[in-house]
Amino acid sequence: MTTETILFYIFGGLAVVSALGMVLNTRNTVASALSLVVTMVSLGAIYLLLEAYLVAAFQIMVYGGAIVVLFLFVVMLLNLSTDEFPPGRQRLIKSAFVIAGVAILVQILIALGRDPLLAAQPGAVPEGYGGYRQVGISLYTDYVLLVEMASLLLLAAIVGALILAKRKID
Amino acid sequence: MLPMNHVIALSAILFTIGVLGVATRRNLIVILMSIELMLNAVNLAFVGFNRIWSQVDGAAAIDGQIFVLMVIAVAASEVAVGLGILLAMFRNRDSVNVEEVNLLKW
């Protein structure tokens, strides 16, 4: 077992445990958001191990930084330190969801174990894989339309968020 | 070299945790966070598969990573709009419990 593999198992276990902590923690929303940070940063470390360096940097900057800070800001703005709601109805539907989800997961895992393509070891990466130069060239030549679409989407999101957050539309 | 089937398995596990969070929780903030978790799981699958097929005719192929960057942009705008909706809902209902917002429910 190489160092990379050991690091992958450490960060993968950390990501799963903190994701479970986020979903199962019904007492404290701030703690849920902080668990989400741990998941994001572990995933960033796994991207580094997969040699996707630029994506790892963006993962930590945008997810670990901006998005979670936005969540924490709203949680603290609304003063939602606890979220103990009265017990809901629909217990049956929820447990059915849990059983179905876990069953599908088990099926996926069994199928993954049988896939010969995934069991094969990928070779060494070519020169410049995952670096900013390669990604930048690809973004501004092959995928330039995608960049334009992303800019329009972000503009629409800014306008939508402003209108939704305004107290009164006049 | 990482075991690739374990990378994809980790992606599937994280996605399932996200689905269960959306299905079982009633706090709208935690539901939004679970959606983020699902998007992250898909990103991990993209990066993993890109690592498997990392070159085409000797040149680096990074299409999966481009898709991840697009998903990050979509997730950022989704969070901005989602938290705007959450603020409007809190202002009207004084709660973030999704079971209290059932006007459109059948």
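What share of the contacts in chain B between residues at least 6 apart in sequence join residues at least 24 apart? The share is 48%. The legends below describe a predicted model.

**View 1. Chain B holds 3 helices and 2 strands.** Starting at the N terminus, the order of elements is α-α-β-β-α. Chain B is more spread out than a compact globule, because its radius of gyration is 18 Å and the globule rule gives 13 Å for 106 residues. Along the principal axes, the C-alpha atoms occupy a box of roughly 60 × 25 × 25 Å. Of the 106 residues in chain B, 51% are buried.

**View 2. Chain B meets chain A through 63 residues of its own and 73 residues of chain A.** On the chain B side, four elements give two or more residues each: α1 (4-24), α2 (28-52), β2 (59-60) and α3 (63-93). Helix α3(B) makes the largest contribution to that side, with 21 residues. Sorted by class, the chain B side has 43 nonpolar, 15 polar and 5 charged residues.

**View 3. Helix α1 of chain A packs on α1(B).** The chain A helix spans residues 3-24. The angle between the two helices is about 5°, and their axes are 10 Å apart. An angle under 35 degrees counts as roughly parallel, so α1(A) and α1(B) are roughly parallel to each other. From α1(A), the contact uses A:Gly12, A:Ala15, A:Val16, A:Ala19, A:Leu20 and A:Val23. From α1(B), it uses B:Leu10, B:Ile13, B:Leu14, B:Ile17, B:Leu20 and B:Gly21. These contact residues comprise 10 nonpolar, 2 polar and no charged.

**View 4. The largest nonpolar core has 60 residues.** Which residues have the most contacts inside this core? They are B:Leu14, B:Ile29 and B:Met33. Both chains take part: α1, α2 and α3 of chain A and α1, α2 and α3 of chain B each supply at least two residues. Helix α2(B) provides the largest share, 11 residues.

**View 5. B:Leu14 touches residues of both chains.** Leaving out residues up to four places away in sequence, its partners in chain A are A:Ala15, A:Val16 and A:Ala19. Its partners in chain B are B:Leu37, B:Asn40, B:Ala41 and B:Leu44. B:Leu14 also belongs to the α1(B) side of the helix pair in View 3.

**View 6. A:Glu51 has a positive phi of about 65° although it is not a glycine.** A:Glu51 sits in the loop between α2 (29-49) and α3 (53-78) of chain A. Is A:Glu51 buried, partly exposed or exposed? A:Glu51 is partly exposed, because 19 other C-beta atoms lie within 10 Å and the cut-off for buried is 20 or more.

**View 7. B:Asp94 also has a positive phi, near 60°, and is a residue other than glycine.** B:Asp94 is found in the segment after α3 of chain B. B:Asp94 is exposed, with 10 other C-beta atoms within 10 Å.

**View 8. A:Ile6 lies in helix α1 of chain A.** This isoleucine is exposed, because A:Ile6 has 10 other C-beta atoms within 10 Å and 12 or fewer count as exposed. A:Ile6 and A:Ser42 are 36 residues apart in sequence. In space, their C-alpha atoms are 13 Å apart.

Technical notes:
Residues are numbered from 1 along each chain as its sequence is written. Chains are lettered from A and ligands numbered from 1 in the order in which they are written. This is a predicted model: local features need pLDDT of at least 70, side-chain atom pairs count only at pLDDT 80 or more; totals for chains, interfaces and linings use all residues. The radius of gyration is taken over C-alpha atoms; the globule rule is 2.2 Å times the number of residues to the power 0.38. Two residues are in contact if their C-beta atoms, placed from the backbone, lie within 7 Å. Ala, Val, Leu, Ile, Met, Phe, Trp, Tyr, Cys and Pro count as nonpolar, Asp, Glu, Lys and Arg as charged, and the others, Gly among them, as polar. Axes are lines fitted to C-alpha atoms, for helices over the stretch in contact, and angles run from 0 to 180 degrees between N-to-C directions. Angles under 35 degrees count as roughly parallel, over 145 as roughly antiparallel, 65 to 115 as roughly perpendicular and the rest as oblique. A nonpolar core is a set of buried Ala, Val, Leu, Ile, Met, Phe, Trp, Tyr and Cys residues joined through C-beta atoms within 7 Å.
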